[in-house]
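Visitor: Please take me closely through the surroundings of one bound ligand, and then set that part in the context of the chain as a whole. I would like a connected account rather than a list.

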Amino acid sequence: MAYPRIASFKTHDQFKSRLAELELDLPSDEAVEQGAQSPLAQPIQRDQGVIGNRFCILPMEGWDGTADGKPTQLTRRRWKNFGISGAKLIWGGEAVAVRHDGRANPNQLVMTDKNQSSIESLRHELVDAHEERFGRSDDLLVGLQLTHSGRFARPNDKSRAEPLIAQRNPALDPRFAITDDSKLLSDDDLKKLIDDFIAAAVRAQQSGYHFVDVKHCHGYLGHELLGGHDRVGEFGGSFENRTRFLREIVAGIRSEAPQLEIGVRVSIFDFVPYKPGDDRVGVPEPNADPRLMFGGDGSGGGIDLSDPSRLMSLFESLGIELVCSTAGSPYYNPHIQRPAYFPPSDGYQPPEDPLVGVVRQIQATAEIKRMHPNLTIVGSGYSYLQDWLPNVAQAVVRTGMADSIGLGRMVLSYPDLPADVIDGKAMTRKKICRTFSDCTTAPRNGIVSGCYPLDPFYKAMPERKQLADLKSSS
Ligand SMILES: Cc1cc2nc3c(=O)[nH]c(=O)nc-3n(C[C@H](O)[C@H](O)[C@H](O)COP(=O)(O)O)c2cc1C
Ligand code: SF4
């Protein structure tokens, strides 16, 4: 693979030249401003309350909860790191299942009655850490991401998929040995699940979370329903039916927890599933059905934002103002979801310069923001920008292409990057995420997630050697 590494661009001009070479349209400011007047330090003023600056921590789970879905010390450490990051928007912390069969792994948190107080304490610890470092938290907005993993559920055993699907999918079904309709959730099943989402949201409100994210991204159940063109019944086919699950959850939360704000994280476009080709470079699955990809243009590898834009209009009509945009799925097309130089062990070599994937997400998000200026839009997929992340982030916010810059992997390796940028400190190079993908490879192999290459805490864990052995044998 011949893509130049970001670390090899020693000057902003070299970075810009590479963008030009790739014919990518991405704004990037030569100088990053510091202090209270800088673009990234500007608060977001909203009727529902202020968000203190333009950095957001994206949800990231660590596969490290207890068997019954409570946080462990590892979970608490990660949330405290989110608190000290300096970001003023915490988008959901991590995916929390609304019930056991919706867990993506047997260590995912679950928002049950029994677990409520420990999930509440996570929020307290995050806020306390934030207050201790920054002296205030009245401008900090903390949400909880609620999920059902649907097709990607593995609630009981890390190595056993127990999919529950919205519709059949010719490219994905074989990956789960699905050969008939027995894994399809019925309309009655979905109605029960709607009640579980509402109950979990009520618990989140009682636990002091400002908002819940009704997750609709990354191939999980909510997202699969959005693309459910082949599903029959009340929850499939027409746009109205494909959004019924979301609308009914929102209606239930409005009635049971009227003060709770609702946000949605959406994959605003999707490509068909990819697989490793002969040379391990990703290629589209030949038998995929591009019609099923929400926000796809029907080719399998292009974007049509008309359906996602309609979804945004629906959000506006439902009084949903917080939107976090993402793309695709980390399982079946990670190069569009979390562009990386080094793929996870179960992935494929990037079929394009990862910068292309970064710009694709940023530009699609900007298009949504242009069409729906009243929504507060958080963007994702910035970590691959590495040394130039602050320059692009500032330009994106300054030009109104997004309201807030979401940070995923970068905060695992460099927890207080937002604080450093706003304080005008030079970035600490040894903390910059180089997209080694160990934080994805580890959990795919049953090991807790974390930044093993760069975070001294994970570097010292015995799992690091286990991961290294695993990588060298694959
Ligand atoms: C270890 C890990 C765990 C993640 N867990 C979640 C999650 O629980 N919920 C979610 O919506 N996205 C999750 N993501 C996706 C990130 O939120 C984000 O979209 C992605 O990493 C791209 O942003 P980045 O380039 O800043 O890393 C996870 C990503 C990683 C690397
Ligand atoms: S393991 Fe660390 S360096 Fe690698 S992608 Fe994850 S956060 Fe980045």
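Guide: Two helices, α12 (residues 409-413) and α14 (residues 438-444), each contribute at least two residues to the shell around ligand 1, and this is a convenient place to begin, with the caution that the model is a predicted one. The shell as a whole has 24 residues, and those closest to ligand 1 are L58, A95, S383, G408 and R409. Sorted by class, the residues around ligand 1 comprise 10 nonpolar, nine polar and five charged ones.

To place these residues in the fold, it helps to turn to strand β11, which covers residues 404-407. Its side chains alternate in direction, with S404 and G406 pointing one way and I405 and L407 the other, yet all four of these residues are buried. Two neighbouring strands can be described from here. Strand β1, residues 55-57, runs parallel to β11 and is joined to it by three bridges, and within this pairing C56 stands opposite G406. Strand β10, residues 376-379, also pairs with β11 in the parallel sense, in this case over two bridges, and here V378 is the residue that stands opposite S404. The connection from β10 to β11 passes through helix α11, residues 389-398, and the three elements together form a right-handed β-α-β unit.

The loop that lies between β1 and α2 (residues 73-84) deserves a separate look, since it holds W63. This residue has a positive phi of about 55 degrees although it is not a glycine. W63 counts as buried because 22 C-beta neighbours lie inside 10 Å, where the cut-off for that class is 20 or more. A second residue can be read in the same manner: H218, in the loop between β5 (residues 211-214) and α5 (residues 221-226), has a positive phi of about 65 degrees, and it too is not a glycine. H218 is buried as well, because 27 other C-beta atoms lie within 10 Å.

The two helices named at the start also take part in a second site, for α12 and α14 each supply at least two residues of the shell around ligand 2. That shell has 14 residues, of which C433, F436, D438, C439 and C451 are the closest to the ligand. Helix α12 gives the most to the shell around ligand 2, with three residues. By class, the residues around ligand 2 are eight nonpolar, three polar and three charged.

Seen as a whole, the chain has 16 helices and 11 strands, and 52% of its 474 residues count as buried. Along the principal axes, its C-alpha trace spans about 55 × 55 × 50 Å. The radius of gyration is 21 Å, which agrees with the value near 23 Å that a compact globule of 474 residues would have. Among contacts in the chain with a separation of 6 or more, 71% are made by residues 24 or more positions apart, and the pairing of β1 with β11, where C56 stands opposite G406, can be read alongside that figure.

Notes: Residues numbered from 1 in each chain as written. Chains lettered and ligands numbered in written order. Predicted model: local features only at pLDDT ≥ 70, side-chain atom pairs only at ≥ 80, totals over all residues. Near = placed C-beta within 6 Å. Helix = DSSP H or I, 4+ residues; strand = E, 2+ residues; numbered from the N terminus. Nonpolar A, V, L, I, M, F, W, Y, C, P; charged D, E, K, R; others polar. Rg over C-alpha atoms; globule rule 2.2 N^0.38 Å. Buried ≥ 20, exposed ≤ 12 C-beta atoms within 10 Å, placed from the backbone. Contact = placed C-beta atoms within 7 Å. Pairing = 2+ DSSP bridges. Right-handed = clockwise from strand over helix to strand, strands pointing away.
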